[in-house]
Amino acid sequence: MKSTNPQRRVVVAGGGTAGWMTAAALARTFGEVIDLTLVESDAIGTVGVGESTIPPLVLYNRLIGINEADFMRATQATFKLGIEFQNWKVEGEKYFHSFGSTGKDHWSAGFQHFWMHGLENGHDANYDEYCLELKAAYAQKFSHLPDNGLNYAYQLDSSLYAAFLRKMAEGDGAKRVEGRIAEVELDEVGNIAALQLDNGKRIEGDLFIDCTGFRALLIEGAMHVGYDDWTHWLPCDSAIAVQTASVRPPLPYTRAIAHDSGWQWRIPLQHRQGNGIVYCSRYLDRDTALDRLLTTVEGERLTEPNFICFQTGARRKQWHRNCVAVGLSGGFMEPLESTSIHLIQRAVLRIIRMLPAGEVSQRDIDEFNDQQMTDMLQIRDFLILHYKATERRDSAFWRQCATMEVPDSLQHKIELFRETGRVFRKNEELFVENSWVQVMMGQGIMPRSYHPIAAKLTQAELDHLLNSIRESVEKTVAGLPDHQAYVARYCGAQ
Ligand code: FAD
């Protein structure tokens, strides 16, 4: 039998959200079974954005034993029930991608089929009216409900989250080393042997996790695994972020507001609001983008603008030899649906599941790469949908998006939905049927037909189904407390 000693010395390079999420989870899970060191450079700093999340983070925090109220207090977090998309289909219209389910699915067909049957039979209520999370978001209400009755995520201060996780990781035995990585030392077969810091320290390890952000010092700088460029599908390549004082109670949702060459975000936290503009530099110059951001933000500006350039795409291998990329070092696909922190979480949980016993197994590496890349490709398609399915033709940017060729996998999904109203979720895909339905219909793709099971209902059964769902949503929302008051009470409770 082979030795089951895990890779003893694990080195995390970089201390942004990715680095500390990795270190906290490894330290909490393995304790002294591994020797964990994180290297970061205060002089370099972090990317300084990444504040909107999706529901699986609730589970991640729970898995590593984080008390939710402590976490929300420490990160000034608010609850998030979804994202409002303004101006994506056409200027002046909006839709909401909620985290919940809409209506009630039948095992054979999603709720959209029953809703469409209702449209033909005297029920003119919008699809939105059947979604609890959406209605609660617009009423600015929130409460924890039994059985995950209200599906939610967080809007958080990412630097405070990293600090919170650091405290936890250090408490669980992780060592932090300050210094700039000057060189990545390879051994004779091409594995990473050590990191050389510019202060003379040398950090040896068995397994190295590259969390150095866009620099990707280990996985690309030393390992040269290559990068798949997706800018022909996800054309934005620049962002500017600023933080502002809150001017109103924080909304329990994030806003993504399209403009003629990209979009802007607004993420409300307890103590301030995060704002940013994302754009394609081919169509909008930096000064105009900055001007547009600064003239549209609400509230007093608290920070200087943070300029960020990026290339959408994915590292060809997320794990190579004894190096795993986690976070921006593994690729970046746009902040549009808040999926980056989620990909960090998926990678970290996979590393824990596949922590090598003794020698690194190529089969683990292949499995990891396959799983992580499947996630990325599915998310990529979902993001491209927002750009492709638009009726906007008012700028060169939107004309390019509307006419671009998209991956076959996405084209198939769009056409299937357009013809039949069906969406299928494969390989534990992150975005469930209801997410696709909300975004496709929100962006103007309406099915031409619906499942015959819906027509099986008599008029009385249909009336009862649709009316009872709406009444239940309305009643539940009416009974929910105000979001801001709930956050204050929840975070105040020690
Ligand atoms: P970074 O934060 O850049 O951290 C890199 C670390 O490596 C730092 O500690 C740095 O000091 C260290 N480092 C680098 N080089 C060296 C060196 N030579 N020596 C020592 N240390 C070094 N994600 C979401 O989920 N939701 C969002 O709303 C969201 N919005 C975003 C908006 C924009 C415009 C962008 C660009 C990204 C957004 N993201 C979002 C992604 C999110 O910001 C990142 O996934 C997350 O912050 C993780 O970044 P990171 O830790 O990989 O990199």
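Is the crossing of α1 and α6 left-handed or right-handed? I will come to that after a word on the model and the two helices.

This is a predicted model. Helix α1 covers residues 17-30 and helix α6 covers residues 158-171. Their axes come within 8 Å and cross at roughly 30 degrees. Angles under 35 degrees count as roughly parallel, so α1 is roughly parallel to α6. As for the hand, the crossing of α1 and α6 is left-handed.

Now the residues at that contact. From α1 we have T17, W20, M21, A23, A24 and A27. They meet S158, Y161, A162, L165, R166, M168 and A169 of α6. Sorted by class, the contact of α1 with α6 has 10 nonpolar residues, 2 polar and 1 charged.

Next, the sheet. It is open, has 7 strands and shows mixed pairing. Reading across, the order is β5, β4, β14, β15, β16, β13, β17. The edges are taken by β5, residues 94-98, and β17, residues 306-309. Each has a single partner strand, so one side of each has no neighbour in the sheet. From one strand to the next, the twist averages 20 degrees.

Inside that order, take β14 and β15. Strand β14, residues 254-259, pairs with strand β15, residues 262-268, in the antiparallel sense over 5 bridges. Opposite A256 stands W265 in β15.

Last, a helix on the sheet. Which strands does helix α13 lie across? Helix α13, residues 433-442, lies across β4, residues 82-86, and β5. It runs at about 175 degrees to β5, and β5 is one of the edge strands just mentioned.

Conventions. Residues numbered from 1 in each chain as written. Predicted model: local features only at pLDDT ≥ 70, side-chain atom pairs only at ≥ 80, totals over all residues. Pairing = 2+ DSSP bridges. Helix = DSSP H or I, 4+ residues; strand = E, 2+ residues; numbered from the N terminus. Axes fitted to C-alpha atoms, helices over the stretch in contact; angles between N-to-C directions. Contact = placed C-beta atoms within 7 Å. Parallel < 35°, antiparallel > 145°, perpendicular 65-115°, else oblique. Left-handed = near helix turned anticlockwise from the far one by under 90°. Nonpolar A, V, L, I, M, F, W, Y, C, P; charged D, E, K, R; others polar.
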